[in-house]
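Here is a short walk through a two-chain model. Have the coordinates open and follow along at your own pace.

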Amino acid sequence: MHLAVLGINHKTAPVELREKVSLSEEKCGALSRRLLDGNGVLEIVPLSTCNRTEVYVVAARPEAGQKEILASLALIGEVPVDGLEECSYFHEGDGAVRHLYRVAGSLDSMVVGEAQIMGQIKDAYRLAHKQESTSVLLNRLFRHALEVGKRIRTETAIGENPVSVSSVAVEMAKKVFEDLGGKAVLLLGAGKMSELTATHLLSQGIATILVGNRTLSRAEALADKFHGKAIPYDDLVDYLPLADIVISSTGSPHYVLRKGEVERALRRRHNLPIFFIDIAVPRDIDPGVNDVNNAFLFDIDDLNEMARANAVARAKEAEKAEKIINQEVENFSQWLASLDVVPTITALREMAEAVRQAEVAKALARFDGNLSEKDRNRIEAMAAGIVNKILHEPTVELKRASNERGGYLYVESMRRLFKLNGHKKTAEGARQLHHLEKDEH
Amino acid sequence: MIVKLEEILFIVTVLTYLVASGVYIWHLISNSQKAGQLGTMLLVLGLFAHTMALIFRWVDSGHAPMSDSYESLAVFSWGIVLFYLIMERIYAIRAAGAVVVPTAFIIASIALVLNKGPNPLVPALQSYWLWIHVSIAMLSYGFFALAFGAGFFYIIQEHLLKKHYQNVVIAFVIMFSVLGLAVGLWLGFGVWAHPLDIVDPVTKEHSNQYSGTDIIKIIGGGGIGLAIGVLLGFLAGKGASKPGFARRLPSLDVLDEVSYRAIAFGFPMVTIGIITGAIWADKAWGRYWSWDPKETWSLITWLFYGAYLHTRLTWGWRGRHSAVIAVLGIVIVLFTYLGVNYLLSGLHTYASA
């Protein structure tokens, strides 16, 4: 049996193509049924997010499924097969395992360290499980991948440091105010950047948004969008004491807020802190404001610098994550190796042979050498006959099952029933995976 | 036999706290989760040994372990560790352990040095007021220590935010070296130096006379403290300049709130402590108030934290100003608690006898 993945992602394919081959639940089901139906594909899990569409399969033969998957995806997305093939990647065996683990650890994401991918993998797996398109191998692979993703999140700081300017701003605001719920934001200037940051802040439960802009109509338009309130631009200093967070991005050539004004505002709000974000160039807020007690000012350079430093830190954490992935791929491939049919049959035969020899020797010893050569041979032959007869059916059946969906179940049962532990490391890898499965239930 | 066991247990406790301090600091710098878990495990072990040591002491001496410097410090550090472990369980604030655990270690190690073995109670202490007065006073000190910790972290976090988490090594070195110098000098004065107690024949007033070796010990203590402070400050500053450090410190909002709440609880406690002390003084010495140094300094403590609450509630002070008061307050608390016993003499000086 062969594990493989075929897919396209944000690195290999343009968004137009990704949109087309993006798979809804129904499409996933259709694709799975199509491929499972006599194409040599035994198990399948499609994974589709806005940045990727990937199909994980277990196939009976190497390379099996690649063409069929491509054809089916092209059909569903109504795109030419050649165009799709050019943008796609195909990994087999350990390569496929590693690919899924890197996706789960968000190392393959557009923003390394983002947290949504774990949920998306979980959903994709649940759906496939519900549609009964998975069995032993993909069940374990996906459960293990989720564990690996979790391990990377807890053992590395990959998701910790925000890497975009607006999320750095939100994080810093949260270091001043523990909870942004119920806080008031004052937007100065109606630019794209301030809008983006405001959107980010709104998702944190901001209660009030005030908008001040030189042209009142634009302020009102933006205020409507955020269910906020437009304020007269000339009176903005009067509104300053109401704001917990000020985001400024006006096109003004000189400072819009000066130190003295901020000091007065803070006194009027009994020194409750104000967090200033100045994303305008040239700057809107007097840098001296940062020296005022309980006022915290970050300008665009500060935020960019922090985002950059955070990206460097993430890259370092990504290296740690790769090491974890190496280990886990090794574990999984050992478990996989233990499910190989040929070594299992060999091990079974070796065990039976050892038992046969021991028992024959014991029996012969009882006769104290009173047996003729002929009798001895007869006893040996009988023992060998019993062993071969008993092992014949299971051997044939194992070989046959190995090319079937869920065939690993037989191999694993055989190994467990007869305590065929192979080499120790293999058993270790298998046991770890076994624990993971138990945790799931 | 039981005495020996108690001493061994206490040595084990102090050593465990030392190792745990290192692990907690490493956890703060590296953000390694394993280090954090190891730190907690060590601390729980240490607390267990500590508890056993206190129980043996109690059984052996026959009274609550609150009668001398060793006992009160041992109980104090025990309370800090217990309180901290509970807070860690509830709020997941392992970063704070990097300050709290070394503090507990320093206090416990001073207790270790001061241990003179169990002793019978001085007659003046033989009263149930010992329990009430001492435990309430200790509780208020505990709250003030918490306010100090939160205030200390407030100042760090505020500085980091103002500097946008860049180039903060110098500030850390300064802050830690001041702290180290203070602890070192105090160790030199209070623990290593043994001044002669001179009684003026006419006025009967006590005064201390420090010898040359004492001076060397004091300066040496300060020097070692300073050196350790500079080193720790450098390491902490390097760690804090890394991105992601911000995440490990609580927000200004929380730190300000914790500091304020702790003082809001500690202030009534110290008030009750002073009142119960006065009642007990009346029973033991026949006077409610005799301007004994301990009494004077507890009044100063009371006024100081009263000032914190006053500036906050009527002048609207908060943030850094309040945090600075909370940090300075601990100096007065420590002087009232320990300094008075060693540097000044009076009715409360049971310990230096």
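Chain B has 11 helices and 2 strands. Along the sequence, its elements come in the pattern α-α-α-α-α-α-β-β-α-α-α-α-α. Please keep in mind that this is a predicted model. Of the 353 residues in chain B, 45% are buried. Contacts in this chain between residues at least 6 apart in sequence are joined, in 82% of cases, by residues at least 24 apart.

**A helix to look at in chain B**

Helix α4 of chain B covers residues 94–114. Its 21 residues should span 30 Å at 1.5 Å a residue, and the end C-alpha atoms are indeed 30 Å apart, so the expected and modelled values agree. The helix does bend, by about 25 degrees at B:V100. A proline, B:P102, follows within four residues of that point. How many of the 21 residues of α4(B) are buried? The count is 15, so α4(B) is largely enclosed by the rest of the structure.

Further along the chain, B:L328 sits in helix α11(B), residues 320–343. B:L328 counts as partly exposed because it has 14 C-beta neighbours inside 10 Å, and the partly exposed class lies between 12 or fewer (exposed) and 20 or more (buried). Between B:L328 and B:P201 there are 37 Å in space, C-alpha to C-alpha, and the two are 127 residues apart in sequence.

**Two sheets in chain A**

Chain A holds an open sheet of 6 strands in the order β7-β6-β5-β8-β9-β10, with parallel pairing. Its edge strands are β7(A), residues 229–231, and β10(A), each of which pairs on one side only. From one strand to the next, the twist averages 20 degrees. At the β10(A) end, β9(A) and β10(A) pair in the parallel sense over 5 bridges, and A:I274 stands opposite A:A295 in β10(A). Towards the other edge, helix α10(A), residues 216–225, lies across β5(A), β6(A) and β7(A). This helix runs at about 160 degrees to β7(A).

Another open sheet of chain A has 4 strands, ordered β2-β3-β1-β4, and here the pairing is antiparallel. Why is one side of β2(A) and of β4(A) left without a neighbour in the sheet? Both strands stand at the edges with a single partner strand each, so one side of each has no neighbour there. Neighbouring strands of this sheet are turned by 15 degrees against each other on average, direction ignored. Within the sheet, β1(A), residues 2–9, and β3(A), residues 52–59, pair in the antiparallel sense over 8 bridges. A:H2 stands opposite A:A59 in β3(A). Helix α2(A), residues 25–36, lies across β2(A) and β3(A), and runs at about 160 degrees to β2(A).

**Backbone details in the loops**

Three loop residues are worth a visit. A cis peptide bond joins A:V281 and A:P282, with omega about -5 degrees. A:P282 is found in the loop between β9(A) and β10(A). The other two have a positive phi and are listed here.

| Residue | Phi | Loop | C-beta neighbours within 10 Å |
|---|---|---|---|
| A:E132 | near 55 degrees | between α6(A) and α7(A) | 9 |
| B:W291 | about 50 degrees | between α9(B) and α10(B) | 10 |

A:E132 is a residue other than glycine, and B:W291 is not a glycine either. Are they buried or exposed? With 9 C-beta neighbours inside 10 Å, A:E132 counts as exposed. B:W291 is exposed as well, with 10 other C-beta atoms within 10 Å.

**Where the chains meet**

Finally, look at the two chains together: 24 residues of chain A are in contact with 21 residues of chain B. On the side of chain A that touches chain B, the elements giving two or more residues are α7(A), α8(A), β10(A) and α13(A). Which of the elements provides the largest share of this side? That is α13(A), with 5 residues. By residue type, this side of chain A divides into 10 nonpolar, 8 polar and 6 charged residues. Among the contributors, β10(A) is also an edge strand of the parallel sheet described above.

Terms used:
Residues are numbered from 1 along each chain as its sequence is written. Chains are lettered from A and ligands numbered from 1 in the order in which they are written. This is a predicted model: local features need pLDDT of at least 70, side-chain atom pairs count only at pLDDT 80 or more; totals for chains, interfaces and linings use all residues. The expected span of a helix is 1.5 Å times one less than its number of residues. The bend at a residue is the angle between axes fitted to the seven residues ending there and the seven starting there. Two residues are in contact if their C-beta atoms, placed from the backbone, lie within 7 Å. Ala, Val, Leu, Ile, Met, Phe, Trp, Tyr, Cys and Pro count as nonpolar, Asp, Glu, Lys and Arg as charged, and the others, Gly among them, as polar. Two strands pair if DSSP finds at least two bridges between them. Axes are lines fitted to C-alpha atoms, for helices over the stretch in contact, and angles run from 0 to 180 degrees between N-to-C directions.
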